[in-house]
Amino acid sequence: MADSLEDDWEIPHALDVVGGKRAVAAASDSSDSSSDSSDDDASTGLNGGENNGPNRKRRRADGSPKAKAPASDKQVAVAAKAKQRKSNLAQKFAQLQEQNRVRIGEGKGVEVFWETFEKAHSKLAPLQLDEIRIRDKHYASADGYTHTGDLAQLAPYLDKAVSATGRHNIKKPKQPGRVRILFLTSAATRAVDIVRGLKPYKRPETKIAHLFAKHKKVAEQKAFLEKSACEFGVGTPHRVRALIEQGALFLDSTTLVVLDFVWTDKKKRALFEVAEVRDELCVLLEKHILPACISSSLRLSLF
C-alpha cells in the first residue's frame with residue numbers, strides 16, 4: 001500500500017513542531033532548499049495557499065489535482081455484491097407489495113395490515129400487541145376492489161370503504177377539531193395529490209383539513225382546527241400525531257382512517273418502508289388509532 005501511495009501521490013515534506021509553531025524541515029540539498037520550501041508552503045497553505053486546512057487536496061508539482069486511484073478488484077467485487085443485494089431486496093419487496101395488493105382486494109386487508117404492523121413495530125411485547133389487535137369488525141374492507149394506489153381509483157374505493165362502515169354518506173362532524181375521514185400518507189407531496197383526488201366529493205361547503213408540513217405550521221393548523229369541523233383530513237403521521245397530542249385534533253367523530261398503503265414513492269418505498277415515517281406511524285397507531293378502533297365505531301382501511 002505504501003508503494004502505491006508513493007507512486008500515485010506527491011509526498012509533502014515532513015513538518016516539525018518547534019515552540020508551538022510549524023516549520024518546514026530542512027531539505028537535504030541546501031541549494032534547492034528555498035525552492036522546495038516555497039513549493040511546500042503553497043501546497044500546505046503555510047503561506048496563504050488556496051488549499052488550506054487538514055482537508056486540502058493533494059496536487060502534482062505542476063499544481064494539477066491528482067487522479068483518483070483505481071478501485072482494487074476486491075473493492076469492485078464488494079460494490080457489485082452490495083448492488084446485487086439491493087436489487088434483490090427491491091425485487092422481493094415489489095413481489096410482496098403485489099401479493100398484498102391482491103390480498104387487500106380479496107378482503108384480507110386486516111391480515112395484511114397486522115402482518116405489516118407487527119413486523120414494523122417489533123419493539124412491542126406479544127401482550128402489548130394483543131391489547132391493540134384489531135379484528136375484521138374493526139376494518140372497513142372494499143371487497144372485490146383491487147387497486148394500484150392511483151388517485152383515479154380513490155373515489156370508487158372510498159365509496160366501498162364508507163359503505164363498509166355502515167354509513168352511506170360523509171357528514172361533517174358537529175364539533176370543531178374533528179374530521180370524519182382521515183387519510184394518512186408518507187409525504188406532503190402525496191398528501192396534496194390525495195386532496196386533489198377528493199374532488200368528486202367537494203361541494204362549496206366541504207372542508208378538508210391539510211394536516212401535513214407543507215406550507216402550514218402547526219400553530220396555523222391548530223388555529224384552523226379550533227374553529228373548523230371537516231369532512232376530510234389528509235396528513236402525515238408526524239404532524240397528525242403532534243396535533244392529537246397537543247389537543248387540537250380529536251378522533252371521537254372520525255369513522256374511517258385510511259392508510260395510503262399500496263402507493264410507493266420515487267424510491268419505490270411504501271408507507272411502512274420509509275424509516276422516518278414508519279416509526280411515527282407505528283406510535284400513532286399504537287397510542288391513538290388502534291385503541292379508538294377497539295373502543296369506538298372508528299374503522300381502519302388500506303388504500
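Which residue in S5 is the bridge partner of His210? The answer is Val234, and that pair is a handy place to start looking around. Please keep in mind that this is a predicted model. From here, the briefing visits the paired strands, helix H6, the nonpolar cores and a buried aspartate.

**Strands S4 and S5**
- Strand S4 covers residues 208–211 and runs parallel to S5, with four bridges joining the two.
- Val234 of S5 is bridged to His210.
- To get from S4 to S5, the chain passes through helix H8, residues 218–227, and the resulting β-α-β crossover is right-handed.

**Helix H6 and its surroundings**
- Helix H6 spans residues 154–164, and its buried residues are Leu154, Ala155, Tyr157, Leu158, Ala161 and Val162.
- These residues lie on the same side of H6, because they cover an arc of only 155 degrees around the axis.
- Several strands help to cover the buried residues of H6, including S3 (178–184), S5 (229–235), S6 (256–259) and S7 (299–302).
- Helix H7 (188–197) is also part of that cover.
- After H6 comes Gly166, which has a positive phi, near 90 degrees.

**The nonpolar cores**
- The largest nonpolar core contains 43 residues, and Phe113, Phe117, Leu259 and Ile289 have the most contacts inside it.
- Helices H4 (109–120), H5 (126–132), H9 (237–245) and H10 are among the elements that give two or more residues to this core.
- Strands S3, S4, S6 and S7 likewise each give two or more residues to the core.
- H10 provides the largest share of this core, with nine residues.
- Leu259 is a good residue to click on: leaving aside residues up to four places away in sequence, Leu259 touches Phe113, Leu184, Leu271, Phe272, Leu281, Leu300, Ser301, Leu302 and Phe303.
- Another core, of 24 residues, lies apart from the largest one, and its members include Ile170, Ile181, Ala191 and Val195.

**A buried aspartate in a loop**
- Asp265 sits in the loop that links S6 to helix H10 (275–295).
- Is Asp265 buried or exposed? Asp265 counts as buried because its relative accessible area is 16%, and buried means under 20%.
- The side chain of Asp265 reaches two backbone nitrogens: that of Lys267, at 2.9 Å, and that of Arg269, which lies 2.9 Å from a polar atom of this side chain.

Note on methods. Residues are numbered from 1 along each chain as its sequence is written. This is a predicted model: local features need pLDDT of at least 70, side-chain atom pairs count only at pLDDT 80 or more; totals for chains, interfaces and linings use all residues. Side-chain values use heavy atoms; hydrogens and water are left out. Buried means under 20% relative accessible area, exposed over 50%, partly exposed in between (1.4 Å probe, protein chains only). The arc is that of the directions from the helix axis to the C-beta atoms. Contact means heavy atoms within 4.5 Å. Two strands pair if DSSP finds at least two bridges between them. A crossover is right-handed if, with the strands pointing away from the viewer, the path from the first strand over the helix to the second runs clockwise. A polar contact is a pair of N or O atoms within 3.5 Å; within protein, one must be able to donate a hydrogen and the other to accept it, and residues adjacent in sequence count only if both atoms are side-chain atoms. A nonpolar core is a set of buried Ala, Val, Leu, Ile, Met, Phe, Trp, Tyr and Cys residues joined through side-chain atoms within 4.5 Å.
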